[in-house]
Amino acid sequence: MLTLIKIELYKIFKKWRTYIGFIAIAVLVPIIQLAMLSEGERSLDFMTRNLQQSFVFVGNLLNGYLISYIILNSLVVHIPFLITLVAADLLAGEATAGTYRLLITRPVSRFKILVSKFISGIIYTNLLVLWLAIISLGLGVFIFGVGELIVIKSSSIVIFPKYDILWRFLLGYMFASLSMMVVASLAFLFSSLVENAIGPIVSTMAIIIVFLIISAIDIDLFQKIKPFLFTNYMSSWRLFFDEPIDISKIIDSTFILVGHIIAFFGTTVYIFYKKDILT
Amino acid sequence: MTNDKIIEVQNLTKYFGDLCAVNNLNLNVYNGDVFGFLGPNGAGKSTTIRMLISLIAPTDGNIKIFGKELRINRIEILKKIGAIIEKPDFYGYLSAYKNLEILGKLSQIDVTRNRIMEVLELVGLEKRYKSKVKTYSFGMKQRLGLAQALIHDPELIILDEPTTGLDPQGMKEVRDLILFLSHERKKTIFISSHLLNEIELVANRMIIIDKGSAIVEGYVNDLLNVDNLKVTFEVKDTEKTKMILQGTSWLNKIESLANNKIVFILANPEISRLNKFMVENGIEVDAIIPSRSLEQYFLNITEKGF
């Protein structure tokens, strides 16, 4: 199995499209950081304008932690697209290239082929989120320094002392990785159905956007559906920036996301086992 | 060749929706055979081959390879099979060497540099081993296809139209390689084609299928009836030729005579003897054209052409 995973990773990292996500993050995140460097104080002033009547803010509030927190908020919409670029290609790419035949005619079970590809996709997903963490948090701290993290919620404001932040980011990024794994699993499932990676990319993104819209619209029917949509839990990393942290909510979210991963992967296995390779 | 059955197909059937691609097919391939799998385009050859290597599942029927059921012993069986299926596709962004290394590892062999280079040399690609496959011509990819089928030294080699897209020289090289693998390496080879002469030149046994069903199976020599070949001799002077042939046994072997073309019914060794006789008697022979016996045979039994 290890050999298979190594082969799959080798194939993934020999493809140009794999680096699009890393390059996009390496370009976009510093652009946001540079923008914050020039406009950040004004933005922070705007965000806290109502509070300034009651509180006096001192210290370095526009710091690497705040920048990283803001960037991580963009995860839901942008990073899934970068994930699908590779995850959607894992199976469909073999069909497009006609290399399914090379794989399936080797003495390896279809299950092992699937598992190795899936694990490789998950490794890529985690590396991409790690890269986001390094660039946004690492570079953010390097440019802006450290300080207290101010988190403004709809009904409250929480200020974390600087010694109480890093572990929250660590767990927050880990949870963000988990939610991105769901996206990768969904793209992987769609990838098993077709012979071109474009379809799975579009389908996965369409589902994420539709689910996000359903979650955002305040209609009874949609609100009943909402707890079953994985997109509802993609921002649950923010739970680590609550005070106190609601552990039971985090556990529930984790179970739901893991359940989605298992369901998507299980469906992929079923489809792939039954699939006639005609390409 | 021994009587050990390497491939045993019983009542194999495959439906795609309502379309019956393979219908109740039976065939046997024995150890050491170069087995020709012949049929027109759309006859069900590729579908059958895909079932033989588990790319698609049969709707009905049974496949045994090396005496074991494919459905149950897939991995064990595939360790001993090398195959080219239709067009040669590879990871174009990787070199030929890397493609073979990966496929060798997937075949669960200890794939060494020497083994990879040996196989590349066998198919004449050793000088381009570092080049990315996307820079290869179709012919080179076809040869790399043979290399990947051989990398793990399989006992059974399944080749689906291996000369498609090759120039005459390339086709000859592939034929020579098949004969080398059969004679020198004692491999059993299953080769499909819609080209009649390709099968005639390499196979000892064959099956002809059409519309998913077997029409005939047997030894190529028996099916072609090599003692009863139709051979046309084109000569400069037909009258002179007739005179010279008068009183010889060759006269009885003439089937027809028109313009400067004389059609004989001959056994295979007689062709060269008749040619020698004519030349020695001063008959100028412009051409000797053997009829496409297999084509004739196929036309006779199907009343249609390829």
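This is a conversation between a student and a tutor about a predicted model with chains A and B.

Student: What makes up chain B, and how many helices and strands are there?

Tutor: Chain B has eleven helices and 14 strands, and its C-alpha atoms fill a box of roughly 70 × 45 × 35 Å along the principal axes. Of the 306 residues in chain B, 41% are buried. Among the contacts of chain B with a separation of 6 or more, 70% are between residues 24 or more positions apart.

Student: Why is B:Asn259 called exposed?

Tutor: A residue counts as exposed if 12 or fewer other C-beta atoms lie within 10 Å of its own. B:Asn259 has 8 other C-beta atoms within 10 Å, and is therefore exposed. This residue sits in the loop between strand S12 (254–258) and strand S13 (261–266) of chain B. Its C-alpha atom is separated by 34 Å from that of B:Gln169, which is 90 residues apart from B:Asn259 along the chain.

Student: Why is B:Lys211 called partly exposed?

Tutor: Partly exposed is the range in between, where the count is neither 12 or fewer, as for exposed, nor 20 or more, as for buried. B:Lys211 has 15 other C-beta atoms within 10 Å, so this residue is partly exposed. B:Lys211 is placed in the loop between strand S9 (205–210) and strand S10 (213–219) of chain B, and has a positive phi of about 50° although it is not a glycine.

Student: What makes B:Asn24 partly exposed?

Tutor: The reasoning is again a matter of counting, because B:Asn24 has 14 C-beta neighbours inside 10 Å, and that value falls between the limits for exposed and buried. B:Asn24 belongs to strand S2 of chain B, and although it is not a glycine, its phi is positive, at about 55°.

Student: Which strands form a sheet with S2 of chain B, and which are at the edges?

Tutor: The open sheet has four strands in the order S2-S1-S4-S5 of chain B, with antiparallel pairing. Strand S2 (19–30) and strand S5 (68–69) of chain B are the edge strands, because each pairs on one side only.

Student: How do you know that S1 and S4 of chain B are paired?

Tutor: Two strands pair if at least two bridges are found between them. Strand S1 (residues 5–16) and strand S4 (residues 60–65) of chain B are joined by five bridges, so they meet that condition, and they run antiparallel. One of the bridge partnerships links B:Val9 with B:Ile63 in S4(B). Helix H1 (residues 45–52) of chain B lies across S1, S2 and S4 of chain B, and runs at about 120° to S1(B).

Student: Why is H3 of chain B described as largely enclosed?

Tutor: Nine of the eleven residues of H3(B) are buried, so this helix is largely enclosed by the rest of the structure. Among the buried residues are B:Leu100, B:Ile102 and B:Leu103, and B:Lys98 and B:Glu101 are also included. The buried residues of H3(B) pack against helix H4 (113–122) and helix H5 (138–150) of chain B, together with helix H1 (2–13) and helix H6 (100–104) of chain A. H3(B) is followed by B:Gln108, whose phi is positive, near 60°.

Student: What does H3(B) supply to the side of chain B that touches chain A?

Tutor: The contact takes 25 residues from chain B and 20 residues from chain A. Helix H2 (74–78) and helix H3 (96–106) of chain B each supply at least two residues of the side of chain B that touches chain A, and H3(B) gives the largest share, four residues. The residues on that side of chain B divide into 15 nonpolar, five polar and five charged.

Student: What makes H8 of chain A oblique to H9 of chain A?

Tutor: Helix H8 (residues 166–191) and helix H9 (residues 198–216) of chain A pack at an angle of about 135°, with their axes 9 Å apart. Angles over 145 degrees count as roughly antiparallel and those from 65 to 115 as roughly perpendicular, and because about 135° fits neither range, H8(A) is oblique to H9(A). The crossing of H8(A) past H9(A) is right-handed. The residues of this contact divide into eight nonpolar, four polar and no charged.

Notes:
Residues numbered from 1 in each chain as written. Chains lettered and ligands numbered in written order. Predicted model: local features only at pLDDT ≥ 70, side-chain atom pairs only at ≥ 80, totals over all residues. Contact = placed C-beta atoms within 7 Å. Nonpolar A, V, L, I, M, F, W, Y, C, P; charged D, E, K, R; others polar. Axes fitted to C-alpha atoms, helices over the stretch in contact; angles between N-to-C directions. Parallel < 35°, antiparallel > 145°, perpendicular 65-115°, else oblique. Left-handed = near helix turned anticlockwise from the far one by under 90°.
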